[in-house]
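Colleague: I have a new model open and would like to go through it with you. Can we start with the strands and move on from there?

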Amino acid sequence: MVDRPSGDKGDKTGITRRKFTLGLIIASIAAALGSLLSLLKILAPEEKGGGYVSTIKPGDRFVYAKGTNTGAYIKVSSLNVGDAVLAYPEGKTSNPANIVQLIKLDESVYKPPTHINLTDQGLIAYSAICTHLGCTVSWVEKQKLPDTSYTECFCHNSIFDPTRGAKVLGGPAPIPLAQIGVKVKDDGTLVFTSDFTGPIGPQV
Ligand code: FES
């Protein structure tokens with residue numbers, strides 16, 4: 001039987017303690033970093049817009065987004081006063097950020113803050129993505145507003161006034177739908193003439 005020197009035992013115990021202490025320090029640093037990251041996440045402002053980035057350019061033509069005419073040019077002659085359709089720019093239909101609601105109303109109904117210079121022959125276009133959580137808006141014919149139809153998002157019932165720059169009349173949407181320019185070409189088709197006038201997509 002070989003007796004170990006007492007100093008050997010002491011060294012091993014010392015090494016074990018040092019390892020243990022080192023482990024504790026590493027664990028504490030990791031925990032502190034985790035807490036710091038969580039705090040930064042809470043303090044960092046949420047990115048608004050939900051990742052919606054439009055690729056519409058002036059000169060793009062309006063095409064139907066839905067229905068039997070999907071993909072076909074929209075012509076001014078196909079819309080009566082009070083009508084609204086969902087539309088995309090031609091060739092850019094795979095980007096959901098590009099969807100707009102194209103509305104035709106009597107020219108006299110538009111009031112500030114509508115960008116009247118971005119309308120043509122009573123036609124007006126707004127982003128069709130609700131600024132609350134991003135559902136696609138719908139068109140509701142004369143029911144609640146006294147003298148015009150309106151835009152509503154049925155997900156949580158936000159209501160937008162198309163005659164006043166898509167001002168929010170009710171519901172949780174925080175800001176109006178952004179407007180975008182529309183112009184009638186000589187052949188009766190419609191083109192976009194501007195970028196959106198404000199942010200699109202969810203803004204909460
Ligand atoms: S997503 Fe439109 S009201 Fe909530």
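**Strands, sheets and one loop**

Modeller: Start with strand 3, which is covered on both faces: Val100, Leu102 and Lys104 are buried on one side, and Gln101 and Ile103 are buried on the other. Keep in mind that this is a predicted model.

Colleague: Why do the residues of strand 3 fall into two sets like that?

Modeller: In a regular strand, side chains point alternately to one face of the sheet and the other. For strand 3, the two sets are the two sides, and both are covered.

Colleague: How much of strand 3 is buried, then?

Modeller: Five of its five residues are buried, so strand 3 is largely enclosed by the rest of the structure.

Colleague: And strand 2, how many of its residues are buried?

Modeller: Five of the six residues in strand 2 (residues 84-89) are buried, so strand 2 is also largely enclosed by the rest of the structure.

Colleague: How many bridges join strand 2 to strand 3?

Modeller: Four, and the two strands run antiparallel; strand 3 covers residues 100-104. Across that pairing, Val85 stands opposite Leu102.

Colleague: What about strand 3 and strand 4?

Modeller: Those two pair over five bridges, in the antiparallel sense, with strand 4 at residues 123-127. Gln101 has Tyr126 of strand 4 as its bridge partner.

Colleague: Which sheet do these strands belong to, and in what order?

Modeller: An open sheet of five strands, ordered 1-2-3-4-9, with antiparallel pairing. Strand 1 and strand 9 (179-180) are at the edges with a single partner strand each, so one side of each has no neighbour in the sheet.

Colleague: What holds strand 9 on at its end?

Modeller: Two bridges to strand 4, again antiparallel. Ala125 stands opposite Ile180 of strand 9 there.

Colleague: And at the other edge, how many bridges join strand 1 to strand 2?

Modeller: Three, with the strands antiparallel. Phe62 stands opposite Pro89 of strand 2.

Colleague: Changing topic to aromatics. How many aromatic pairs are there?

Modeller: The count comes to one aromatic pair. The ring centres of Phe62 and Phe192 are 3.7 Å apart and the planes are at 10°, so the pair is stacked. The cut-off for stacked is planes under 30 degrees apart.

Colleague: Where in the chain are the two rings?

Modeller: Phe62 is in strand 1 (residues 62-64) and Phe192 is in strand 11 (residues 190-192), so the pair links distant parts of the chain, 130 residues apart.

Colleague: Are Phe62 and Phe192 buried or exposed?

Modeller: Phe62 is buried, and Phe192 is buried as well.

Colleague: What does the charged end of Arg61 sit over?

Modeller: The ring of Tyr73, with the charged end of Arg61 5.4 Å from the ring centre.

Colleague: Back to sheets. What is the order in the open sheet of four strands?

Modeller: The order is 5-6-7-8, and the pairing is antiparallel. Strand 5 (138-140) and strand 8 (167-170) are the edge strands, each paired on one side only. From one strand to the next, the twist averages 40°.

Colleague: How do strand 6 and strand 7 pair?

Modeller: Over three bridges in the antiparallel sense, with strand 6 at residues 150-153 and strand 7 at residues 158-161. Thr151 stands opposite Phe160 of strand 7.

Colleague: Where does Pro172 lie?

Modeller: Pro172 is in the loop between strand 8 and strand 9. Its relative accessibility is 35%, and Pro172 counts as partly exposed.

Colleague: Which residues is Pro172 in contact with, leaving aside its neighbours within four places in sequence?

Modeller: His132, His156 and Ser158. Pro172 is also 7.7 Å from Asn157, C-alpha to C-alpha, with the two positions 15 residues apart in sequence terms.

Colleague: Last topic, the whole chain. What does the secondary structure come to?

Modeller: One helix and eleven strands. Along the sequence the pattern is α-β-β-β-β-β-β-β-β-β-β-β.

Colleague: What percentage of the chain is buried?

Modeller: Buried residues make up 40% of the 204 residues. The chain exposes about 11800 Å², and carbon and sulfur atoms supply 57% of that.

Colleague: And the contacts between residues at least 6 apart in sequence?

Modeller: Of those contacts, 56% join residues at least 24 apart.

Definitions and conventions: Residues numbered from 1 in each chain as written. Predicted model: local features only at pLDDT ≥ 70, side-chain atom pairs only at ≥ 80, totals over all residues. Heavy atoms only, no water. Phe/Tyr/Trp six-rings, centres within 6.5 Å; stacked < 30°, edge-to-face > 60°. Buried < 20%, exposed > 50% of the residue type's maximum accessible area, 1.4 Å probe, protein only. Lys NZ or Arg CZ within 6 Å of the ring centre and 35° of its normal. Pairing = 2+ DSSP bridges. Axes fitted to C-alpha atoms, helices over the stretch in contact; angles between N-to-C directions. Contact = heavy atoms within 4.5 Å. Areas by Shrake-Rupley, 256 points an atom, 1.4 Å probe, with all protein chains shown as cover.
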